[in-house]
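Dear colleague,

I am passing on a structure that I have been looking through, and I would be glad if you could open it beside this message. My notes follow directly after it.

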Amino acid sequence: MTPTVTLNDGTALPVIGLGTVQSEGEDMAATVTAALSSGYRLIDTALRYETEPGVGRAVAASSVPREDILITTKIPGRLHGYDEAKESARTSLDNLGVDYIDLLLIHWPLPKVDNYIDTWRAMIDLQKEGVVRSIGVSNFTAAHLDRLVSETSVVPSVNQIELHPYFPQADLRAYHAEHGIVTESWSPLGRGSELLTAPPVAEAAAAHGVSEGQVVLRWHIQLGAVPLPKSSNPDRQKQNLDIFGFELTDDEMVAISGLERGRIWGQDPDVYEEF
Ligand SMILES: NC(=O)c1ccc[n+]([C@@H]2O[C@H](COP(=O)([O-])OP(=O)(O)OC[C@H]3O[C@@H](n4cnc5c(N)ncnc54)[C@H](OP(=O)(O)O)[C@@H]3O)[C@@H](O)[C@H]2O)c1
């Protein structure tokens with residue numbers, strides 16, 4: 001069983017989950033079916049990825065009980081606002097074919113649109129109604145989080161952010177720790193970039209007799225972040241989950257964090273918009 005971390009609402013969240021941004025021609029239901037049988041219990045989707053139906057089909061067909069699986073989905077930029085956020089959640093429920101969402105996130109803050117507060121108010125109500133178990137955000141900066149909490153008094157359970165050795169986000173992680181927010185890492189492997197051949201990663205892999213991907217995912221675990229690696233390959237899915245039998249040394253952690261150079265795709269949440 002994958003270890004869990006407890007969210008600020010008492011939910012036990014697995015410390016690693018499966019990402020579901022689809023590759024060309026991929027059958028997402030097959031990807032998620034393989035992941036569930038390998039032991040994944042946290043599945044990360046979004047209305048915008050158009051993978052909710054495939055995730056829902058795999059969950060419905062699985063012998064793993066629904067209550068043992070945590071499904072995360074997200075509200076896209078085009079559905080910010082109180083009524084729109086409720087509509088977004090209803091659409092996700094339909095797409096997934098489930099009667100509750102485990103974790104609902106605001107996908108991006110979109111500060112120029114300036115409507116994430118009303119979106120959040122709808123999510124607070126959806127949680128009270130039992131339609132959504134946990135609520136959180138994605139791509140929020142400390143300033144966005146400060147404003148959310150000062151205007152609504154409800155602290156998000158998670159903030160899902162770009163996080164990998166090229167962009168370790170030490171300050172934001174420290175803010176999360178101080179406020180009891182769990183950090184989730186998107187593109188935890190740097191999305192197949194040259195990160196996996198970087199010397200500190202390759203050297204640690206050789207030292208521990210594991211793959212480069214396992215080293216990077218273990219780095220996330222030791223930082224206290226929850227990585228969401230995407231793989232459609234059943235062998236890599238299993239390998240990515242098998243990261244609890246070794247430990248990186250302090251020196252290896254420092255060397256891997258030393259790869260820092262910034263965001264890979266320049267998606268700064270203060271200006272980046274997607275709808
Ligand atoms: N909140 C947000 O704004 C946001 C943004 C981006 C992503 N996300 C979430 O984060 C998830 C993960 O991010 P991502 O998909 O961008 O990138 P990623 O998980 O860092 O990388 C995925 C790529 O790495 C390959 N891979 C997987 N395991 C591997 C291993 N052990 N060794 C070598 N290569 C491996 C995969 O190929 P194969 O499939 O062939 O294994 C795929 O090409 C997404 O799927 C999504 O759920 C969220």
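I begin with a single residue, S185, which counts as buried because its relative accessibility is 0%, under the 20% cut-off for that class. Please bear in mind throughout that this is a predicted model, so that every value here is computed from predicted coordinates.

S185 belongs to strand β9, which covers residues 182–186. The side chain of S185 makes a polar contact of 2.9 Å with the side chain of H220. If one sets aside the neighbours of S185 within four places in sequence, its contacts are I161, L163, H220, A225, V226, P227 and L228.

Two of the residues in that list, V226 and P227, bring us to the sheet, since strand β10 is formed by 226–227. The sheet is open and has eight strands, paired in parallel and arranged in the order β3-β4-β5-β6-β7-β8-β9-β10. At its edges stand β3 (18–19) and β10, and because each has a single partner strand, one side of each is left without a neighbour in the sheet. At the β3 edge, the pairing with strand β4 (residues 42–44) is parallel and runs over two bridges, with G19 standing opposite D44.

Further along the order lies strand β8 (residues 158–162), which is mostly covered, five of its five residues being buried. On one side β8 pairs in the parallel sense with strand β7 (residues 132–138) over two bridges, and there V137 stands opposite N159. The connection from β7 to β8 passes through helix α5 (residues 142–152), and this β-α-β crossover is right-handed.

β8 also pairs with β9, again in the parallel sense, over five bridges, and E162 of this pair faces W186 in β9. Here too the strands are part of a right-handed β-α-β unit, in which helix α6 (residues 170–179) comes with β8 and β9. This returns us to the strand that holds S185.

As for annotation, the unreviewed UniProt entry lists residues 16–259 under "domain: NADP-dependent oxidoreductase". In the model, that span is 45% helix and 15% strand, and the C-alpha atoms at its two ends lie 22 Å apart.

With best regards

Technical notes
Residues numbered from 1 in each chain as written. Predicted model: local features only at pLDDT ≥ 70, side-chain atom pairs only at ≥ 80, totals over all residues. Heavy atoms only, no water. Helix = DSSP H or I, 4+ residues; strand = E, 2+ residues; numbered from the N terminus. Buried < 20%, exposed > 50% of the residue type's maximum accessible area, 1.4 Å probe, protein only. Polar contact = N/O pair within 3.5 Å; in protein donor to acceptor, adjacent residues only side chain to side chain. Contact = heavy atoms within 4.5 Å. UniProt positions renumbered as here; feature names shortened; annotations may be inferred. Pairing = 2+ DSSP bridges. Right-handed = clockwise from strand over helix to strand, strands pointing away.
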